[in-house]
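Got the model loaded in your viewer? Switch to a cartoon view, keep the selection box handy, and follow along.

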Amino acid sequence: MLFGKDSFRKRNIGKYIIGYELGKQHVQISYLKIGDKEPETLSTIAGQEQYNIPFVLYKQEDKNLWYIGKEAQTKQQELGGILLSNLLENACNQEMTEVNLETYDSAALLALFVKRSFSYLSFIAPIPKIAAIMFTVEKPDQKTIEVLRQMEEFLQMPQVQIQFMGKEESFFYYNLHTDPALWTNQVYLYEMQENRLQSYNLSLNRQTKPVVTLIEKKEYEEFPAFEENEPTIEEKEIRDQIFLEHITEDMEEKIVSTVYLIGDGFLGEWYQKSVRFLCGKRRVFLGNNLYSKGACYALLDKMEPTELSASYVYLGTDKVKANVGMEIIRQGSPSYLAILDGGSSWYDCKKEWDMILEGDNRLIFRIVPLDGKNTTQTEIVLHGLQMNKNPLCRIHAESYMENSTKMKLKFREMGFGEFYPSQGQYWEESIDL
């Protein structure tokens, strides 16, 4: 469990958890007061469902002021200059950004945008009242996670617990908190931004305990662009026919309970034939705040696990597919030391522990795949550790995942008190899962 239910709840009564979607062109922010069950999504216009905050920055040269979102777009139109976009992508590419003859770290600009965006929440959940934030991104690969951790450092919010996840996992948690009748069978999510369409197909293996949930992502060729702001009837019909062909092929020989259509690309109601097909024996929902709400639900479940959340596990590409541990002696009796929990996101897997070696410089790690098949053991030898001279030695160990399949381990020899002083020896090893 990530937080520890009772202590976290007691420490943070009256505070909020935040689900924050970092998209390519926009961000969205949902919030949930601790103790409540349903998150709300921040709207940039009171009383309207205007959830998208343009993911752009603008610096006003003469006053050295920074603006974000729609205000940044307005200022750039009024005063000219450069509108900074692709903030996450630039940071992942380690690009330095030049603005008004000054150079900035792209990760710092990303953090600047995020911190300024919290001003939209100032009347609901000011920063001192934020307990935890879950950022959700399209691709939580190694490079993106490194950038997000840099961003976390730039944010300088030590009182806030910050976590990361992918959009597929946000979809999983959102789905888990809907009416179970909506996910009796498979669920499809179609996301369309401008001319780019991708889908997520959620399926459940109810033969396992906990129930294993898988999500298959698919990307499609770009759709023909609409020529004008008001597309013609013919342009709409062409796009509708292409979409209909995609969804007909996707759902062939599948039983689908629910379909979600999200993203700006679905504005304009051009998909009349497609919707008629989708609504045959399926529930169809149109919206665009699913990911940020799903991130809120994820924090809620990690903070306060329920019987329902414990009954389902999501196994995505960023999840570790095996348990890793060691057989040890604890207080004179055989015991098991869990080091890595299968089903966790690789970027959340860190552990430190101390152990005492007695007469042997070998460490045995047991690797158990989540499917229970092909359990293996890996031996790591701490070469150079002379146990014949120092029969007792304390070792400080650290483990973390470099990606979803490679486990990195660090060992530091600590000696054994005044009897056997430390020699300062150090080892780094890795295990492929």
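**Stop one: Glu-327**

Select Glu-327 to begin; its place is in strand β18, residues 322-330. Strands here are DSSP runs of E with at least two residues, helices are runs of H or I with at least four, and both are numbered from the N terminus. A word on ground rules: this is a predicted model, so local features need pLDDT of at least 70 and side-chain atom pairs count only at pLDDT 80 or more, while totals for chains, interfaces and linings use all residues. Residues are numbered from 1 along each chain as its sequence is written, and side-chain values use heavy atoms, with hydrogens and water left out.

Now show what surrounds Glu-327. Skipping neighbours within four places in sequence, Glu-327 is in contact (heavy atoms within 4.5 Å) with Ser-335, Tyr-336 and Arg-366. Draw a distance to that arginine: the side chains of Glu-327 and Arg-366 share a polar contact of 2.8 Å. Such a contact is a pair of N or O atoms within 3.5 Å; within protein, one must be able to donate a hydrogen and the other to accept it, and residues adjacent in sequence count only if both atoms are side-chain atoms. Also pick Leu-363, which is 36 residues from Glu-327 in sequence, with 9.6 Å between their C-alpha atoms.

**Stop two: the four-stranded sheet**

Move on to the open sheet with the order β20-β23-β24-β25, paired antiparallel. Two strands pair if DSSP finds at least two bridges between them. Colour β20 (350-358) and β25 (426-432) as the edge strands, each pairing on one side only. From one strand to the next, the twist averages 25 degrees. For a closer look, select 392-401 and 406-413: these are β23 and β24, antiparallel and joined by seven bridges. One residue pair to click is Ala-397 with its bridge partner in β24, Phe-411.

**Stop three: the six-stranded sheet**

Next up is an open sheet with mixed pairing, in the order β16-β15-β12-β13-β14-β17. Why do β16 (283-287) and β17 (312-314) each have one side without a neighbour in the sheet? They stand at the edges with a single partner strand each, so nothing in the sheet flanks the other side. Neighbouring strands are turned by 20 degrees against each other on average, direction ignored. Strand β14 (211-219) runs parallel to β17, with three bridges between them; Val-211 has Tyr-312 in β17 as its bridge partner.

Add helix α7 (233-250), which packs on this sheet and touches β12 (186-193), β13 (196-205), β14 and β15 (256-262), its direction making about 150 degrees with that of β12. Helix α9 (290-303) packs on the sheet too, touching β12, β13 and β15 at about 130 degrees to β12. Axes are lines fitted to C-alpha atoms, for helices over the stretch in contact, and angles run from 0 to 180 degrees between N-to-C directions.

**Stop four: helix α4**

Select 106-117. Among the buried residues of α4 are Leu-109, Leu-110, Phe-113 and Val-114; buried means under 20% relative accessible area, exposed over 50%, partly exposed in between (1.4 Å probe, protein chains only). At the helix start, a side-chain oxygen of Asp-105 comes to within 2.7 Å of the backbone nitrogen of Ala-107.

**Zoom out**

The chain has 10 helices and 25 strands, and buried residues make up 46% of its 433 residues. Its C-alpha atoms fill a box of roughly 85 × 60 × 40 Å along the principal axes.
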